[in-house]
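Biologist: Could you take me through the largest nonpolar core of this model, and then show me how the rest of the chain is arranged around that picture? I would enjoy a close look, with the cut-offs spelled out.

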Amino acid sequence: MIKAKFRGEMVSVEEFLSKATPRYKERGIYAKCPMCHEKVFVRGGSSPSSPSCFFHQKKDVSSSSLDDCSLAERGDNRLHSLKPDEWDFGQVDSLYKKFDCIENRRSTYNFMEACCGSNGFDKESFMRCLARANKRNIWAYKGIKLWMVPYILLTLENFTNKKGYSFHFVIQKPSLLWSKPELCSLGKVFSSNGDMMNTLFRYTQDGAEKAFSNPLSFSKEHFQLLSGTAINK
Ligand SMILES: [Zn+2]
């Protein structure tokens, strides 16, 4: 991790050490991860081939990788790519406030339920997704729009449908492009082998069966269609 949060600012290792000094541990002064808020430590910098960086404390990640920080690079974490291009801490309160009203929560829930299909989603899984999103500080991802939040929430849980098979969602995106959501897509995969499922969502219209393709490209229009209601901008 090239930058960490120190006294409210994102700083490089050099900037951190200039204030905290190399004796930062003895002094009890630490930079923190902007995602999970854990203390982070300084590594490298002794040669050009090992540039300095911040790293998380090593620990055994025996619990679900869904609960580990994407920036910690611990273990086989399918959410390693779920991180911001840049941080915008100033947008957190306004974005969360927009999200946190009954209409938007309902739209988000409807969208997620539609993507999961019947009996694959419930209020408890919705709350777990939201808690993990808060823990990951997704509200500070620069460029995130309100309608993109449900796509992200879906990746933060493991689901099982009524037939008993497990599935989950993955976001396919070129690195560092939250600002271009049209290049991102949401894939629904079998958890057993990672294979893409045939369709993301089936529905009947005028007596004909229709389906949304899988993966589904990120778009506000898809969000509105699947949530069945317009989210406040
Ligand atoms: Zn972290």
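Modeller: Gladly! The largest nonpolar core has 63 residues, and Leu 153, Leu 154, Phe 169, Trp 178, Leu 186 and Phe 218 have the most contacts inside it. A nonpolar core here is a set of buried Ala, Val, Leu, Ile, Met, Phe, Trp, Tyr and Cys residues joined through side-chain atoms within 4.5 Å. Buried means under 20% relative accessible area, exposed means over 50%, and partly exposed is in between (1.4 Å probe, protein chains only). Both domain 1 (3–57) and domain 2 (89–227) give residues to this core, so it lies between them. The domain bounds come from an automatic or database domain assignment.

Please keep in mind that this is a predicted model: local features need pLDDT of at least 70, side-chain atom pairs count only at pLDDT 80 or more, and totals for chains, interfaces and linings use all residues. Residues are numbered from 1 along each chain as its sequence is written, and side-chain values use heavy atoms, with hydrogens and water left out.

Let us start with Leu 153. Not counting residues up to four places away in sequence, Leu 153 touches Phe 99, Thr 108, Met 112, Cys 129, Leu 130 and Ala 133, where contact means heavy atoms within 4.5 Å.

Trp 178 leads us to another residue, Ile 144. The two are 34 residues apart in sequence, yet their C-alpha atoms are 6.4 Å apart in space. Ile 144 sits in the loop between helix H5 (123–135) and helix H6 (149–154); helices (H or I, at least four residues) and strands (E, at least two) are DSSP runs, numbered from the N terminus. With a relative accessible area of 7%, Ile 144 is buried. Apart from neighbours within four places in sequence, Ile 144 is in contact with Leu 95, Ile 138, Val 149, Ile 152 and Trp 178.

Now for the two domains. Their centres, taken over C-alpha atoms, are separated by 34 Å, and 6 residues of domain 1 are in contact with 5 residues of domain 2.

Within the bounds of domain 1, Ser 12 belongs to strand S2 (residues 9–12). Ser 12 counts as buried because its relative accessibility is 15%. Leaving aside neighbours within four places in sequence, its contacts are Ile 2, Lys 3 and Phe 54. Ahead of that strand, Arg 7 is in the loop between strand S1 (3–6) and S2. Phi of Arg 7 is near 50°, a positive value in a residue other than glycine, and Arg 7 is exposed at 63% relative accessible area. Thr 21, in the loop between helix H1 (13–20) and helix H2 (24–27), also has a positive phi, about 70°, although it is not a glycine. Thr 21 is partly exposed, with a relative accessible area of 25%.

In domain 2, look at the peptide bond from Asn 214 to Pro 215, which is cis, with omega near 0°. Pro 215 is placed in the loop between strand S10 (208–213) and strand S11 (216–217).

Finally, the whole chain: its secondary structure comes to 7 helices and 11 strands, and its C-alpha atoms fill a box of roughly 70 × 40 × 30 Å along the principal axes. Of its 233 residues, 42% count as buried. Among contacts between residues at least 6 apart in sequence, 54% join residues at least 24 apart.
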